[in-house]
Amino acid sequence: RPGDVLLAITTSGASPNVLAALGAARRGGLGTIALTGALADPATPGGLAADVIVAVPSRVTALVQEVHLALEHILCDLVEGTLFGAPA
């Protein structure tokens, strides 16, 4: 729904399904965040288009995915803190 945020995760920045999801989200009025690796090139025509792009500066897929996992946990903690307050 408008006002929601889509978190897109793609090591390469070229995954067709992720690009399609980002396009649908933008058409639906959602904010968009993309977690990518160093290979992602937002300047590529028809490529990655997100409001915020967090690019892990590595070409090693496993390392990019490990950093993405840590970022996902941090984002979840921030969202939960915002919605429900700081943990006891």
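R26 is partly exposed, at 40% relative accessibility; that label covers values between buried (under 20% relative accessible area) and exposed (over 50%), found with a 1.4 Å probe and protein chains only. Before going on, a word about the model: it is predicted, so local features need pLDDT of at least 70 and side-chain atom pairs count only at pLDDT 80 or more, while totals for chains, interfaces and linings use all residues. Residues are numbered from 1 along each chain as its sequence is written, and side-chain values use heavy atoms, with hydrogens and water left out.

**The salt bridge**

The structure holds one salt bridge, meaning a side-chain nitrogen of Lys or Arg within 4 Å of a carboxyl oxygen of Asp or Glu. Its partners are D51 and R26, whose side chains meet at 3.2 Å, N to O. Because D51 sits in the loop between β2 and β3 (52–55) and R26 in helix α1 (residues 16–27), the pair ties together parts that are 25 residues apart in sequence. Helices (H or I, at least four residues) and strands (E, at least two) are DSSP runs, numbered from the N terminus.

Both partners also touch T32, a residue of strand β2 (residues 31–36). Leaving aside neighbours within four places in sequence, the contacts of T32 (heavy atoms within 4.5 Å) include L6, L22, R26 and D51.

Here is how four residues compare in accessibility:

| Residue | Relative accessible area | Class |
|---|---|---|
| T32 | 2% | buried |
| D51 | 47% | partly exposed |
| L75 | 31% | partly exposed |
| S12 | 31% | partly exposed |

**Helix α2 and its patch**

L75 belongs to helix α2. The 24 residues of this helix (residues 61–84) should span 34 Å at 1.5 Å a residue, and the end C-alpha atoms are indeed 34 Å apart; the expected span is 1.5 Å times one less than the number of residues. After α2 comes G85, with a positive phi near 85°.

L75 also joins L7, I9, I74 and L78 in a nonpolar surface patch of about 410 Å². β1 (5–9) and α2 are the elements giving two or more residues to this patch, and α2 supplies the largest share, three residues.

**The loop around S12**

S12 lies in the loop between β1 and α1. The side chain of S12 reaches the backbone nitrogen of A14 at 3.0 Å. Apart from neighbours within four places in sequence, S12 is in contact with L39 and A40. The C-alpha atoms of S12 and L71 are separated by 17 Å, and these residues are 59 apart along the chain.

Technical notes: Patch = residues over 30% accessible without salt bridge, like charges linked within 9 Å, V, L, I, M, F, W, Y side chains within 5 Å. Areas by Shrake-Rupley, 256 points an atom, 1.4 Å probe, with all protein chains shown as cover. Polar contact = N/O pair within 3.5 Å; in protein donor to acceptor, adjacent residues only side chain to side chain.
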